[in-house]
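I am keeping these entries as I go through the model, one topic at a time. Each entry records what I looked up and what I found.

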Amino acid sequence: MKSALSLRRVGLALLAPAVAVVISFTLSAIVLAAIGKSHALVAFFDLGDTPRQQVNSVVTALNRAIPLFLAGIAVSVGFRMGLFNIGVEGQYRMATVLAAALGAVTPLPGPLNILLIIVVAMLTGAAWAAVPAVLKVTRGVSEVISTIMLNFVAVGLAAYLLQGPFKDPDLPPGGNVYTRTLPEDSWLPDLNGLLVAFGLPEPRIRLYGFLVIAVIVGAAVAFLLSRTRFGFDLRATGLSPTAALTAGVDARAMTVRVMLLSGALAGLIGLPELLGKTHAYGTSFTAGLGFTGIAVALLGRNTVTGIALGALLFGFLDRASIPLQFQGVPPSVVTIMQGLIVLSVVIANEVVRRLALARAERVTAEGKTTVTAEVAA
């Protein structure tokens, strides 16, 4: 009986994302048909003709999924407690530019410098998230408003630092602006050798070595939230702050701790690209990962496994933007499809939640009827 209930619960948890993905693909097909490009839908599933092209496509999707997974994890930690950390975008921008600038001038050997870059990025993200946390617990300021506003501050401040004190003085005039390049021994090794070891063709693109760190971070967060007292207090505060306070949980302190943890995780988002590809922060550095992380967290229902699958889906969609351009479809169609996924997830989650609630009420009513009949007998 218990196993049947568990299977039914898992089925309900998977039903919403599955329905959302099917609906979003259907709507995307309608959008493509409306612009006369219905034949381009196959480009989403076209990984290439040769084995090497197929491996390249998979590596591209994985590289895109790694920062999105970290962004989804950062957002979901706050969601678990009912905190909406919309400021992940600004937190990772500030963390990346500071870590890149410091890592380029620190005279530490490679492994220690990589560790320093990671620590600096996490501390910067946590420090940036501390501002809305303190405003919320001391002045009651909504973290949604403060984090959104801080995103604008972070984007502007990062641009100022990049154009000013952190700009590489050896850059030629004109073109993109970058910080100093990290020393070569501070570049994180790629995982292409691992693919070759499994008998796959060596891809033309480097698979980010940060994938290993992302997996460790995901496992650590899953353990922290499900197997520790901190995770129990976090979930209890999210379900009912009043009940948690009665049980001895300081909701204000938990708010600060959770925002700091969310910000520290957000600080990691830009590091896969910094340590594995660009080795410097510049004006062409990938933007928008924090906002997309919100959609990934929603799609994954705030579970680590679900977020990983959601990040892979978004990475897969981003990879398809290049084949779509070859078919004459603008990249904005991929953005439209991501928006349709988020909208579909929100609607599907609400439908499944209402179905689960109705079923629970029906089971409760049936139980009461049975007890009443037994008492009457």
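Where is the place of Val177? I worked from a predicted model, and in it I found Val177 in the loop between helix H5 (143-163) and helix H6 (192-197). I then looked up whether this loop residue is buried or exposed. Val177 counts as buried because its relative accessibility is 10%, and the cut-off for buried is under 20%. I also looked up its separation from Ala280, and noted that Val177 and Ala280 lie 103 residues apart in sequence, with 9.8 Å between their C-alpha atoms.

**Entry on H2**

I turned next to helix H2, which runs over residues 51-80 and so holds 30 residues by the DSSP assignment. From its first C-alpha to its last I read a reach of 41 Å, close to the 44 Å expected at 1.5 Å a residue. Where does a kink lie in H2? I found a kink of about 25° at Ala65, shortly before the proline Pro67. Beyond the helix I checked Gly82, which follows H2 and has a positive phi, near 80°.

Why can I write that H2 is largely enclosed by the rest of the structure? The reason I noted is that 21 of its 30 residues are buried. I also looked up one residue of this helix, Thr60, and it counts as partly exposed because its relative accessibility is 28%, with partly exposed lying between the 20% and 50% limits. The C-alpha atoms of Thr60 and Ile336 are separated by 20 Å, and I noted that the two residues are 276 apart along the chain.

**Entry on the largest pocket**

What is the volume of the largest pocket? I noted about 820 Å³. Its lining has 26 residues, and those closest to the centre are Leu298, Gly300, Arg301, Asn302 and Thr303. I then listed the elements that give two or more residues to this lining, which are helix H1 (2-34), H2, helix H8 (229-239), helix H12 (289-299), helix H13 (304-319) and helix H15 (332-376). By residue class, I recorded the lining as 14 nonpolar, 9 polar and 3 charged.

**Entry on H12 and the loop after it**

Since H12 appears among the elements of the pocket lining, I looked at how far this helix is covered. I noted that 9 of the 11 residues of H12 are buried, so H12 is largely enclosed by the rest of the structure. The buried residues include Leu289, Gly290, Thr292 and Gly293, and Leu299 is another of them. For Leu299, which is found in helix H12, I looked up the value itself: it is buried, with a relative accessible area of 7%. Leu299 and Val342 are 43 residues apart in sequence, and I recorded 7.0 Å between them in space, C-alpha to C-alpha.

I then followed the chain past the helix. Arg301, which follows H12, is found in the loop between H12 and H13. Its phi is positive, about 55°, although Arg301 is not a glycine. Asn302 lies in the loop between H12 and H13 as well, and I noted a phi near 65° for Asn302, again a positive value in a residue other than glycine. I marked these values because most residues other than glycine have a negative phi.

Which of the two words, buried or partly exposed, fits Asn302? I found Asn302 to be buried, with a relative accessible area of 19%, whereas Arg301 counts as partly exposed at 34% relative accessibility. The cut-off that decides the label for Asn302 is 20%, because buried means under that value.

**Entry on two further residues**

I looked up Thr124, which lies in helix H4 (residues 110-139) and counts as buried at 13% relative accessibility. Its side chain reaches the backbone oxygen of Val120 at 2.7 Å.

I closed with Arg257, which lies in helix H10 (residues 251-266) and is partly exposed, with a relative accessible area of 47%. Arg257 and Ile336 are 79 residues apart in sequence, and I read a C-alpha to C-alpha separation of 35 Å in space.

Technical notes: Residues are numbered from 1 along each chain as its sequence is written. This is a predicted model: local features need pLDDT of at least 70, side-chain atom pairs count only at pLDDT 80 or more; totals for chains, interfaces and linings use all residues. Side-chain values use heavy atoms; hydrogens and water are left out. Helices (H or I, at least four residues) and strands (E, at least two) are DSSP runs, numbered from the N terminus. The expected span of a helix is 1.5 Å times one less than its number of residues. The bend at a residue is the angle between axes fitted to the seven residues ending there and the seven starting there. Buried means under 20% relative accessible area, exposed over 50%, partly exposed in between (1.4 Å probe, protein chains only). On a 1 Å grid over the protein atoms alone, a cavity is a set of points where a 1.4 Å probe fits but cannot get out, and a pocket is an open set with protein on both sides within 12 Å along at least five of seven lines; lining residues have an atom within 4 Å of a point. Grid points are joined across faces, edges and corners, and a volume is the space filled by probe spheres set on the points. Ala, Val, Leu, Ile, Met, Phe, Trp, Tyr, Cys and Pro count as nonpolar, Asp, Glu, Lys and Arg as charged, and the others, Gly among them, as polar. A polar contact is a pair of N or O atoms within 3.5 Å; within protein, one must be able to donate a hydrogen and the other to accept it, and residues adjacent in sequence count only if both atoms are side-chain atoms.
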